[in-house]
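Q: Please pick a single part of this one and take a close look at it. I'd like the details joined up, with the cut-offs spelled out as you go.

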Amino acid sequence: GTEGHEEFDVVVVGGGPGGSTLGTLVAMQGHDVLLLEKETFPRYQIGESLLPSTIHGVCRMTGATDKIIDAGFMLKHGGTFRWGANPEPWTFSFSVSPRTAGPTSTAFQVERSKFDKILLDNAAEKGVQVRQQASVQNVVEEDGRVVGVVYTDASGERHEVRAKWVVDASGNRSGIHKAVGGKREYSDFFRSLALFGYFENGKRMAEPTSGNILCVAFDSGWFWYIPLSDTLTSVGVVVRHDMAEKIQGDPEKALNSLIAECPMIKDFLSDATRVTTGQYGEIRVRKDYSYRQTKFWKPGLVLVGDAACFVDPVFSSGVHLATYGALLAARSINSVLAGTVDQEKAFEEFEARYVREYSVFYEFLMSFYDMHVDEDSYFWSAKKVTQNQYGELESFVDLVAGVSSAEFGLNDAESAALRFKKASAEFAGAVDAMAAEGDSMVPLFKSSVVRQAMQESGQVQGRALLGADLGPDTPMFPGGLVTSDDGMLWQAPAQG
Ligand code: FAD
């Protein structure tokens with residue numbers, strides 16, 4: 001029974017970007033939300049390089065964007081890659097063309113301890129009850145439905161709380177996700193290990209790319225080099241799973257010898273010193289982080305963020321998938337709590353859209369790894385799947401983030417909507433043109449799914465900025481639901 005237990009509409013497990021975003025979007029609809037976080041914020045997390053649709057789309061909806069901008073994070077215009085057959089680094093930017101570049105075609109490199117705290121504080125401000133040092137032990141089930149959770153507080157005392165929906169946003173290290181059933185499928189293709197640390201006074205690329213993420217491929221794998229401030233840099237290396245011995249033993253030695261293998265990173269760090277104190281003082285290892293749960297929900301329980309799936313760090317998709325997944329789940333929960341859409345329909349829409357977004361990134365990243373054509377390299381030969389022409393993929397990278405890049409004048413909604421539609425059309429045309437060009441194309445382009453998914457991330461941004469001015473939405477799947485004008489709910493498509 002529920003006697004003596006606190007009751008909420010929604011209990012969220014985990015206060016990372018997935019959990020705080022979901023909690024906020026549900027609380028903003030007037031529902032009672034409790035968020036349980038086992039740590040005390042600020043806390044360390046990896047995943048520092050973000051994409052525009054998080055900052056200017058989902059965070060615009062939760063009201064966090066201006067707080068993020070005010071925090072003074074490193075501005076990111078795109079990425080620079082020493083990757084593939086081309087020995088020269090090449091750069092993509094978050095804009096279809098310089099013509100459409102504007103304030104929304106940017107993202108940030110963030111210190112996650114600060115970024116995640118901004119989102120969690122914002123959640124509390126929007127009405128979410130946040131309890132830290134509250135560690136969820138298990139979910140409570142009755143008659144095949146999840147009806148609450150048990151957690152322990154700072155003093156070790158156990159509490160049971162009840163909710164109509166429990167959201168597992170507890171990241172990749174907790175076991176809560178198991179309650180959903182199905183299983184966690186690990187990717188063979190992305191079975192890698194990452195080793196990472198922090199440096200002061202590493203070099204910077206020249207303007208305008210100094211804030212970009214730099215990714216550098218070498219024989220054993222690839223490095224990320226993320227400028228977090230004028231002097232602080234996050235440096236990590238990804239190696240294939242069966243090269244684990246390269247990072248066994250003393251992590252400092254391992255990192256140094258991998259840096260020595262990679263001339264560009266070696267040069268960038270030649271005057272730098274590794275941070276050895278505070279949250280950045282450790283060298284950390286992560287392994288087997290690419291997986292997806294075969295089911296994302298069951299009655300009473302929804303998975304978002306790393307609890308549900310994660311691909312690979314190379315294209316900064318983790319926080320995007322967590323916050324986008326949170327938005328999709330929030331729409332389903334809001335609609336079901338409002339009584340306007342039935343549970344099955346609402347959560348099928350959530351799962352189908354989320355799986356599709358994940359799959360698009362998965363396929364895209366497979367092609368991206370495939371760009372490395374050095375046959376002799378141990379790391380890369382195993383990653384090689386098909387024969388492609390790489391120039392097209394480079395231009396595709398330009399497009400990935402670019403659909404959402406048109407500059408919107410917020411006090412000029414009508415013409416902003418028009419400009420948004422133009423940018424979307426330009427994007428769709430460019431992808432169609434690539435798809436029409438013949439057999440040499442990356443298989444990815446053949447799929448209209450890719451085009452639609454990329455447009456969807458633009459839609460999130462457009463909806464956040466323009467609301468009803470964007471005009472009515474169309475279903476993503478036959479017979480499926482559409483987004484409400486404010487982006488907060490699902491609804492049946494308009495008749496006619
Ligand atoms: P998290 O951020 O992990 O938050 C989960 C929260 O739940 C934590 O605060 C945790 O303390 C809490 N929690 C856990 N268990 C419990 C419990 N039982 N009870 C209560 N609370 C609990 N992503 C990017 O976007 N850009 C990048 O550049 C990037 N680089 C990466 C590099 C590597 C090597 C790896 C492995 C990942 C990278 N990612 C990157 C992915 C990114 O780290 C994650 O996708 C992102 O943090 C997921 O957010 P989340 O909200 O799902 O989970």
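A: What follows starts with an enclosed space, moves to the elements beside it, and then takes in some backbone details elsewhere.

First, the ground rules: this is a predicted model, so local features need pLDDT of at least 70 and side-chain atom pairs count only at pLDDT 80 or more, while totals for chains, interfaces and linings use all residues. Residue numbers run from 1 along each chain as its sequence is written, and side-chain values use heavy atoms, with hydrogens and water left out.

Searching the whole structure turns up 2 cavities of 30 Å³ or more. A cavity here is a set of points, on a 1 Å grid over the protein atoms alone, where a 1.4 Å probe fits but cannot get out; lining residues have an atom within 4 Å of a point. Let's stay with the second largest cavity, which holds about 60 Å³ of space. That volume is the space filled by probe spheres set on the points, with grid points joined across faces, edges and corners.

What lines the second largest cavity? The lining is made up of Arg 331, Arg 353, Glu 456, Gln 459, Val 460, Arg 463, Asp 473 and Thr 483. By type, that splits into 5 charged, 2 polar and 1 nonpolar (Asp, Glu, Lys and Arg count as charged; Ala, Val, Leu, Ile, Met, Phe, Trp, Tyr, Cys and Pro as nonpolar; the others, Gly among them, as polar). Helix 12, residues 448-466, gives the most to this lining, with 4 residues. Helices (H or I, at least four residues) and strands (E, at least two) are DSSP runs, numbered from the N terminus.

Arg 331, one of the lining residues, belongs to helix 7, which covers residues 318-338. Those 21 residues reach 30 Å from the first C-alpha to the last, close to the 30 Å expected; the expected span is 1.5 Å times one less than the number of residues. Helix 7 is largely enclosed by the rest of the structure, because 18 of its 21 residues are buried (buried is under 20% relative accessible area, exposed over 50%, partly exposed in between, with a 1.4 Å probe and protein chains only). Just after helix 7 comes Gly 339, with a positive phi of about 75 degrees.

Back to helix 12: Gly 467 sits in the loop between it and strand 22 (482-483). Gly 467 has a relative accessible area of 15%, so it is buried. Setting aside neighbours within four places in sequence, Gly 467 is in contact with Gly 462 and Asp 485, contact meaning heavy atoms within 4.5 Å. Its C-alpha is also 7.3 Å from that of Gly 487, 20 residues apart along the chain.

Now some backbone details from elsewhere. Phe 41 and Pro 42 are joined by a cis peptide bond, omega about 0 degrees, and Pro 42 is in the loop between strand 2 (33-37) and helix 2 (52-62). Another cis peptide bond joins Glu 207 and Pro 208, with omega about 5 degrees. Pro 208 is in the loop between strand 12 (192-200) and strand 13 (213-218), and Asn 201 lies in the loop between strand 12 and strand 13 too. Asn 201 has a positive phi, near 65 degrees, and at 45% relative accessibility it counts as partly exposed.

Technical notes: 1 Å grid on protein atoms, 1.4 Å probe; cavity = no way out; pocket = protein on both sides within 12 Å on 5 of 7 lines; lining within 4 Å.
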